[in-house]
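This briefing sets out the architecture of one protein chain for a structural biologist. Please consult the sequence and the model alongside the text.

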Amino acid sequence: MRFTLLRLACTALLLTTAFLIVRVSAADPSWHIISDDTYASFVRNWNDGAQPVFCATIRSKGDWKTVFAPAVTMGNKRPIMPPDEFFTQNDLFVVAKVEPPFFASASPWRVNTLDTRDGTVILDFDFAPVSQMAGGKFKHTLIVSAPKPQTPPHTAIFRQSGTEVCRVVF
């Protein structure tokens, strides 16, 4: 009886460990989402009537300043942008939409894939807000950080649920 329980416990431990290894290796650790409240900045205004989805690629501090404006408020201790050394190793891919505000416990954004093929970065994402509040509009922003590739890409394609919504050539 003791041997059977020990064997059962070991088998469960091995299966749990194998599951965790598969789950960790299946995730793509090369990119991550940066919360839109990490920095005291907001995406500058654009004509959302003509361009409902705003997309940008940020490869330097100068690019950051072109896309984002500082949102300085009293008592705010958050930095306005990433440090200089961040951009020596990382690129940012930004997507923004103007939509009604909503209540949510989780982000409305989901990144499906971020791939680089033949000098083109392809970011595929979903946007699914829930429980809209009444009135007004709000900028919802997705910021994805990825390591700079050895060969710099020349194009970024942004897809929402598989459909191209914008293309940035740099």
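**Salt bridges and strand pairing in a predicted model**

The side chains of Arg-59 and Asp-91 form a salt bridge, with N and O 3.3 Å apart; the term denotes a side-chain nitrogen of Lys or Arg within 4 Å of a carboxyl oxygen of Asp or Glu. Arg-59 sits in the loop between strand 3 and helix 2 (61-67), whereas Asp-91 belongs to strand 5, so the pair ties together parts that are 32 residues apart in sequence. Helices (H or I, at least four residues) and strands (E, at least two) are DSSP runs, numbered from the N terminus. The model is predicted: local features need pLDDT of at least 70, side-chain atom pairs count only at pLDDT 80 or more, and totals for chains, interfaces and linings use all residues. Residues are numbered from 1 along each chain as its sequence is written, and side-chain values use heavy atoms, with hydrogens and water left out.

**Overall architecture**

- The chain contains 3 helices and 10 strands, arranged along the sequence as α-β-β-β-α-β-α-β-β-β-β-β-β.
- Of the 170 residues in the chain, 35% are buried; buried means under 20% relative accessible area, exposed over 50%, and partly exposed in between (1.4 Å probe, protein chains only).
- Among contacts with a separation of 6 or more, 74% are between residues 24 or more positions apart, a contact being heavy atoms within 4.5 Å.
- The accessible surface of the chain is about 10800 Å², and carbon and sulfur atoms contribute 60% of that surface; accessible areas come from the Shrake-Rupley method with a 1.4 Å probe, and for residues only the protein chains shown count as cover.

**The salt-bridge network around Asp-91**

- Side chains of opposite charge can pair when their charged atoms come close.
- The structure holds 6 salt bridges.
- Asp-91 also forms a salt bridge with Lys-148, where the closest N and O atoms are 2.5 Å apart.
- This second pair links distant parts of the chain, with Asp-91 in strand 5 and Lys-148 in the loop between strand 8 and strand 9, 57 residues apart.
- Arg-59, Asp-91 and Lys-148 are thus linked in a network of salt bridges.
- Within this network, Asp-91 is buried at 2% relative accessible area, while Arg-59 is partly exposed at 21% and Lys-148 is partly exposed at 25%.

**A salt bridge between Asp-84 and Lys-61**

- Asp-84 pairs with Lys-61 in a salt bridge whose closest N and O atoms are 2.7 Å apart.
- Asp-84 lies in the loop between strand 4 (68-70) and helix 3 (86-89) and Lys-61 in helix 2, so the pair ties together parts that are 23 residues apart in sequence.
- Asp-84 is partly exposed, with a relative accessible area of 46%, and Lys-61 is partly exposed at 31%.

**Strand 5 and its partners**

- Strand 5 (residues 90-99) has 9 of its 10 residues buried, so it is largely enclosed by the rest of the structure.
- Strand 3 (residues 53-58) runs antiparallel to strand 5, joined by 6 bridges; two strands pair if DSSP finds at least two bridges between them.
- Phe-54 has Ala-96 in strand 5 as its bridge partner.
- Strand 8 (residues 138-147) is also antiparallel to strand 5, joined by 10 bridges.
- Asp-91, the residue of the salt-bridge network, has Ala-146 in strand 8 as its bridge partner.

**The open sheet containing strand 7**

- An open sheet of 4 strands follows the order 6-7-9-10 with mixed pairing.
- Strand 6 and strand 10 (163-169) are the edge strands, each pairing on one side only.
- All 8 of the 8 residues of strand 7 (residues 120-127) are buried, so this strand is largely enclosed by the rest of the structure.
- In a regular strand the side chains alternate between the two faces of the sheet.
- In strand 7, Thr-120, Ile-122, Asp-124 and Asp-126 point one way and Val-121, Leu-123, Phe-125 and Phe-127 the other way, and all are buried.
- Strand 6 (residues 109-117) pairs with strand 7 in the antiparallel sense over 8 bridges, with Arg-117 opposite Thr-120.
- The hairpin of strand 6 and strand 7 has 2 residues between the strands, and Asp-118 there takes a positive phi near 50°.
- Strand 7 and strand 9 (residues 155-160) run parallel, joined by 6 bridges, with Val-121 opposite Ala-156.
- Strand 9 and strand 10 run antiparallel, joined by 6 bridges, with Gln-160 opposite Thr-163.
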